[in-house]
Amino acid sequence: NLHEEMDQRTKLESNLVELETTLSSTRERFQKSRSFLQDTLPVQLKQLEASTQQLQTQFLKHKIPNSSSSSMALIGSARRARFHQAQQLPAPLYCLFWQFQGYLDCCNDENNDKDSEHKDAPFVLDIMGVNDK
């Protein structure tokens with residue numbers, strides 16, 4: 001009986017060592033991933049965004065024919081900047097902004113022809129007085 005307990009303890013100790021090793025390697029991978037997501041990725045995304053400014057401007061000027069969505073003007077930095085500006089709105093207006101934006105996105109997706117082209121929502125921010133700053 002004592003030999004069985006001793007064997008069980010030995011197995012449990014070896015299992016503990018394996019689990020601690022696994023935990024250690026998992027923590028190390030987690031720290032590497034966290035470091036990448038917090039430090040490296042944002043810098044690379046900012047560089048990518050800066051390097052595509054001319055391309056974004058070109059997309060805004062000239063729509064791609066036969067694109068699946070007429071909302072090509074809704075891409076990139078300008079849209080993100082507008083959403084950042086909208087965060088300055090009081091909560092009810094912010095909610096209204098998102099409802100307008102959702103409506104416009106829906107219209108842009110449904111109406112691909114040139115006659116019913118909808119523009120993005122800078123006028124929504126103009127109406128709400130955010131673009132006056």
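**Figure 1. Length and bend of helix α1 in the predicted model.** At 1.5 Å a residue, the 50 residues of α1 should span 74 Å. The end C-alpha atoms of α1 are 71 Å apart, which agrees with that expectation. The helix bends by about 40° at Thr40. A proline, Pro42, follows within four residues of Thr40.

**Figure 2. Salt bridge between Glu28 and Lys32 within helix α1.** A search of the whole structure finds 2 salt bridges, in this predicted model. In one of them, the side chains of Glu28 and Lys32 meet at 3.8 Å, N to O. Both residues belong to α1 (residues 2-51) and sit 4 residues apart, about one turn of the helix. An α-helix has 3.6 residues a turn, so residues three or four places apart point the same way. Glu28 counts as partly exposed because its relative accessibility is 47%. Lys32, at 56% relative accessibility, counts as exposed.

**Figure 3. Salt bridge between Glu49 and Arg80.** The closest N and O atoms of this pair are 2.5 Å apart. Glu49 lies in helix α1 and Arg80 in helix α3 (residues 76-86), so the salt bridge ties together parts that are 31 residues apart in sequence. Side chains of opposite charge can pair when their charged atoms come close.

**Figure 4. Nonpolar surface patch of Leu93, Leu96 and Phe100.** Together these residues have about 220 Å² of accessible area. Leu96 is found in helix α4, which covers residues 91-110. With a relative accessibility of 33%, Leu96 counts as partly exposed.

Terms used
Residues numbered from 1 in each chain as written. Predicted model: local features only at pLDDT ≥ 70, side-chain atom pairs only at ≥ 80, totals over all residues. Heavy atoms only, no water. Salt bridge = Lys/Arg side-chain N within 4 Å of Asp/Glu carboxyl O. Helix = DSSP H or I, 4+ residues; strand = E, 2+ residues; numbered from the N terminus. Buried < 20%, exposed > 50% of the residue type's maximum accessible area, 1.4 Å probe, protein only. Expected span 1.5 Å × (residues − 1). Bend = angle between axes of the 7 residues up to and from the residue. Patch = residues over 30% accessible without salt bridge, like charges linked within 9 Å, V, L, I, M, F, W, Y side chains within 5 Å. Areas by Shrake-Rupley, 256 points an atom, 1.4 Å probe, with all protein chains shown as cover.
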